[in-house]
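Work through the three exercises below with the sequence and the model side by side. Try each task before reading its solution.

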Amino acid sequence: MGEWIIEPATVEALPDILHIEEACFSAPWTRKMLEAELSGNPFAHFLLAKQVLPGEAGSVSIVGYLCFWVVFEEVRLMNLAVIETMRHKGIARALVMQALEIGLAQAARCAVLELRASNHAAHALYQSLGFRDVTTRPTYYTNPIEDALLMELDPIVSESGRLTQEVGREGGHIRPLQ
Ligand SMILES: CC(C)(COP(=O)(O)OP(=O)(O)OC[C@H]1O[C@@H](n2cnc3c(N)ncnc32)[C@H](O)[C@@H]1OP(=O)(O)O)[C@@H](O)C(=O)NCCC(=O)NCCS
């Protein structure tokens, strides 16, 4: 199924991101919300995972994304999705790892996120990266109404000075960021 890469998003990717967003969430972000993160929010970063398509040179398809903020000492993971056919390949893990590395480079020390209490896949993903449960926020989400679970990784760096896991997996490739 080919190789995939991670690159910063540009606003041209908005239609593809919106399409994935609407396929993955019961209460998706709107075009306006996504656009604001892509171009209007100075704290926001947006990474894309792209599948390199065989055949035509340079041909890629967007298969996932991660929006996150770096706010002083904190990385806030805001929105993460991978299309169904490309799941279980380590793409979400690689996106989060890249966000943590960008946060570290900007002097962030910890990372936080909220997720639906029923989202066992995402919970397992974050746990595998060292995040721990902090608290719940009752009836935080709508459509359907559900509690949020707050998780954090503090500190981002392990005692050995490295991130808790190595990035990447067979078939994946992280392209260096600016
Ligand atoms: C959650 C999501 C982003 C995971 O993407 P992914 O690329 O398939 O995840 P990865 O392949 O990087 O998985 C990394 C780890 O997460 C955990 N994990 C991922 N999917 C899982 C699942 N369905 N069940 C249990 N654990 C899962 C595993 O620990 C996995 O490691 P392993 O493969 O070595 O066991 C994807 O399922 C998705 O887009 N879901 C819909 C949107 C969503 O829920 N976003 C998160 C909002 S907080």
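**Exercise 1. Trace the fold.** In what order do helices and strands follow along the protein chain?

Solution. Read along the sequence: the pattern is β-α-α-β-β-β-α-β-α-β-β-β. Now tally: the chain has 4 helices and 8 strands. Both are DSSP runs numbered from the N terminus, helices being H or I of at least four residues and strands E of at least two. The model is predicted; local features need pLDDT of at least 70, side-chain atom pairs count only at pLDDT 80 or more, and totals for chains, interfaces and linings use all residues. Residues are numbered from 1 along each chain as its sequence is written.

**Exercise 2. Find the core.** Which residues have the most contacts inside the largest nonpolar core?

Solution. Start with burial: 29% of the 178 residues are buried (20 or more other C-beta atoms within 10 Å of the residue's own, C-beta atoms being placed from the backbone). The largest nonpolar core has 41 residues, and L47, A49, Y65, L66, L77, L95 and A99 have the most contacts inside it. Such a core joins buried Ala, Val, Leu, Ile, Met, Phe, Trp, Tyr and Cys through C-beta atoms within 7 Å. Its largest share, 8 residues, comes from α3.

**Exercise 3. Map the ligand shell.** Which element gives the most residues to the shell around the ligand?

Solution. List the suppliers: β4 (74-82), α3 (91-105) and α4 (120-128) each supply at least two residues. α4 gives the most, with 6 residues. Then sort the shell: 11 nonpolar, 5 polar and 3 charged.

Key: Nonpolar A, V, L, I, M, F, W, Y, C, P; charged D, E, K, R; others polar. Buried ≥ 20, exposed ≤ 12 C-beta atoms within 10 Å, placed from the backbone.
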